[in-house]
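Student: I am new to this structure and would like a close look at a single part of it. Could you take me through the sheet and what lies across it?

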Amino acid sequence: MGDILIVDDERDIRELISDILIDEGFTTRLAGTSDDAMAELGKAQPALLILDIWLKDSQMDGIDILKAVKQDTPDVPVVIISGHGNIEIAVAAIKQGAYDFIEKPFNIDQLLVVIRRAMETSRLRQENQALRRQDAPALDMIGQSAVFRTLKSNLEKVTKSNGRVMLTGPGGSGKEIAARYIHANSNRADAPFVSVNGGTMEPDTVEQTLFGSEGPTGVQAGLLESADRGVLYLDEVADLPLATQSKLLRVLVDQKFSRVGGQGVVKVDVRIISSTTKDLLEEIEAGRFREELYHRLNVVPIQVPSLEDRREDIPLLANFFVESLHQDQGLPLRSFDSDASAMLQSMLWPGNVRQLRNVIERILILGRQSGPINSEELPANENQSRSMDGRIVLSGNMATLSLREAREYFEREYLLTQINRFGGNISRTANFVGMERSALHRKLKSLGVVTSNRGGGRVAKLDAESEI
């Protein structure tokens, strides 16, 4: 079940603990002095360390050994025991990284509960670290548009602090990727990144999921414990029940909580990154979200742009998805011809980056095994349809317009798409559509198309006074 190193200067106590743990299926090693303890630690890393504070005839006391362990092997959980327990010693031990503090004489059942809990927390932390390493390719931030560069700059600024971050943006825009980027480039990168979606947790078990539980079957660590010293990413935080919001607020204030059904206090050091697709101010007004929790979470607000706002990045993203799907799933390694790239940039993407990835995967699965991807392989937008002979079928609205109105409608929509495709760059748009820049400016003015800043870049939109 696990190798536990017991360090205590009293032979009877260390042997008693050892006998009990062996009966429970653990293997043990024993040390009576600091020199013996450091020698055992040098031989092999234990699954857990039980450490007495006061060690007779030793150069190091328990706190000194604890500091050395946490510096060299931070993943090893340490349970401190002492016959001279007081609150100052307990606080000092916890601050140095001890998992828990137990005062002698201790209850054996209590000790076993703490040991199992500590080892389970350590196991979950290691599993999360392994999962984080497996997810590393997803941490790539792909883009070159001005909007994307602004986003990345904002993310890099918050990696240098432990401040709470609130990510907002439409579904599928990459908010979790942004959260993982913050974590991977912060001083918590070697600690767990634990992700949970507030909208997918069962209402009856949401508190057990977050805070853990204690009962007849033992102790179950929650996600907050699993994320200790790392990051807990709360996706769709607006979907948390109000009662859970109140408990989470207390955790943010005190960095401690009690498990469901438990009496003890669990202390954690967790950075919270949250995200939502909803307007939290509207949720507060409707009584569905606590205002104080909003202010606690919204220390650094960062807007993650939609794919509509960064069309310039679509070809880069599409090629990235082709390469990653080729590496991960063995799908064909293909490229996009110029017409296909242009069409991808002009399509509607209500599902944002997630939808783009799904479309690329579908093309690689159902399409040819080699050769460039052309426009015929792309799915038609739902708002566009074609007849069997390739002609565009007019919508009811277009069919009621005069030729002049229809031409203006088409020119307006065409130029809006092209400008946004080129990141608001009028010169590049003019070059692509085959117009002089001055002529394009006159045309845009006549059609009521204006450009404005959004999220660090420029986007084209229709002047409200000029809409048909």
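Tutor: What follows is a walk through the sheet, strand by strand, and then through the helices that lie across it. The model is a predicted one, in which local features need pLDDT of at least 70 and side-chain atom pairs count only at pLDDT 80 or more, while totals for chains, interfaces and linings use all residues. Residues are numbered from 1 along each chain as its sequence is written, and side-chain values use heavy atoms, with hydrogens and water left out.

The sheet is open and is formed by five strands in the order 2-1-3-4-5, with parallel pairing; strands here are DSSP runs of E with at least two residues, helices are runs of H or I with at least four, both numbered from the N terminus, and two strands pair if DSSP finds at least two bridges between them. Strand 2 (27-31) and strand 5 (100-103) are the edge strands, each pairing on one side only, and from one strand to the next the twist averages 20°. Strand 1 (residues 3-7) runs parallel to strand 3 (residues 48-52) and is joined to it by four bridges, with Val7 standing opposite Leu51 in strand 3.

Across strand 1 and strand 2 lies helix 2 (residues 34-43), which runs at about 140° to strand 2, where angles run from 0 to 180 degrees between N-to-C directions and axes are lines fitted to C-alpha atoms, for helices over the stretch in contact, contact meaning heavy atoms within 4.5 Å. Helix 3 (residues 62-72), in turn, lies across strand 3 and strand 4 (78-82), and runs at about 160° to strand 3.
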